[in-house]
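User: I am in my first year and would like to learn how to read one part of a protein model closely. Could you take a single element and walk me through what surrounds it?

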Amino acid sequence: MDAAGRNRMLSQMIGFYAEQAIDGDVAAKGTLAEAIDLHDESFYALKNGGIAPGIGGDRELPAAPPEVLR
């Protein structure tokens, strides 16, 4: 699994746990926060270059080319 694929999965988890939290599930808030943090770290590693935690043996990813950031 790569960082982009994991972020797709995390975005689904974020939506699911956000709904659970809105419905009053206090335990979902912790899982939601963890998913948001991991998504954020991976997103910025994909955008700016760096390490996406737990992906590819923690190898450093190159920054996205400027033409895809428009």
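User: Please look closely at helix 2, residues 26–48: how far does it reach, which of its residues are buried, and what do those residues pack against?

Analyst: Before anything else, please keep in mind that this is a predicted model, and that what follows is computed from its atoms.

Let us begin with the helix itself. Helix 2 runs over residues 26–48 and so counts 23 residues, and the distance from its first C-alpha to its last is 34 Å, close to the 33 Å expected at 1.5 Å a residue. At the N-terminal end, helix 2 is capped by D25, which places a side-chain oxygen 3.1 Å from the backbone nitrogen of A27. After the other end comes G49, a residue whose phi is positive, near 90°.

Next comes the question of which residues are hidden. The buried residues of helix 2 are A28, L32, A35, S42 and A45, and the elements they pack against are helix 1 (3–22), strand 1 (50–51) and strand 2 (60–61).

S42 is a good residue to pause on, since it lies in helix 2 and has a relative accessibility of 0%, so it counts as buried, the cut-off being under 20%. If its neighbours within four places in sequence are left aside, S42 is in contact with R6, N7, A52 and P53. Two of these partners, R6 and N7, appear among the buried residues of helix 1.

E34 offers a contrast, for although it is also found in helix 2, its relative accessible area is 58% and it is therefore exposed, which requires a value over 50%. The C-alpha atoms of E34 and M9, which are 25 residues apart along the chain, are separated by 13 Å.

Now let us turn to the partner, helix 1. Its 20 residues should span 28 Å at 1.5 Å a residue, and because its end C-alpha atoms are 28 Å apart, the two values agree. In helix 1 the buried residues are A3, G5, R6, N7, L10 and A21, and what covers them includes helix 2 and strand 2.

How do the two helices lie against each other? Helix 1 and helix 2 pack at an angle of about 150°, with their axes 9 Å apart. Angles over 145 degrees count as roughly antiparallel, which is why helix 1 is described as roughly antiparallel to helix 2. The crossing of helix 1 and helix 2 is left-handed. On the side of helix 1, the residues that make the contact include A3, R6, N7, L10, M13, I14, Y17 and A21, while on the side of helix 2 they include A28, L32, A35, I36, H39, S42, F43 and L46. Of the residues just named, A28, L32, A35 and S42 are also among the buried residues of helix 2.

The link between the helices can be followed as well. Helix 1 is followed by G24, whose phi is positive, near 100°, and D23 lies in the loop between helix 1 and helix 2. With a relative accessibility of 63%, D23 counts as exposed, and its C-alpha atom is separated by 17 Å from that of Q12, 11 residues away along the chain.

Finally, it helps to look beyond the helices to the loop between strand 1 and strand 2, where I55 has its place. I55 has a relative accessible area of 12% and is buried, and its C-alpha atom is separated by 6.3 Å from that of A3, although the two residues are 52 residues apart along the chain. D58 is also in the loop between strand 1 and strand 2, but at 41% relative accessibility it counts as partly exposed. D58 has a positive phi of about 60° although it is not a glycine, whereas G49, the residue that follows helix 2, has a positive phi near 90°.

Terms used:
Residues are numbered from 1 along each chain as its sequence is written. This is a predicted model: local features need pLDDT of at least 70, side-chain atom pairs count only at pLDDT 80 or more; totals for chains, interfaces and linings use all residues. Side-chain values use heavy atoms; hydrogens and water are left out. Helices (H or I, at least four residues) and strands (E, at least two) are DSSP runs, numbered from the N terminus. Buried means under 20% relative accessible area, exposed over 50%, partly exposed in between (1.4 Å probe, protein chains only). Contact means heavy atoms within 4.5 Å. A polar contact is a pair of N or O atoms within 3.5 Å; within protein, one must be able to donate a hydrogen and the other to accept it, and residues adjacent in sequence count only if both atoms are side-chain atoms. Axes are lines fitted to C-alpha atoms, for helices over the stretch in contact, and angles run from 0 to 180 degrees between N-to-C directions. Angles under 35 degrees count as roughly parallel, over 145 as roughly antiparallel, 65 to 115 as roughly perpendicular and the rest as oblique. A crossing is left-handed if the near helix is turned anticlockwise from the far one by less than a right angle, and right-handed if clockwise.
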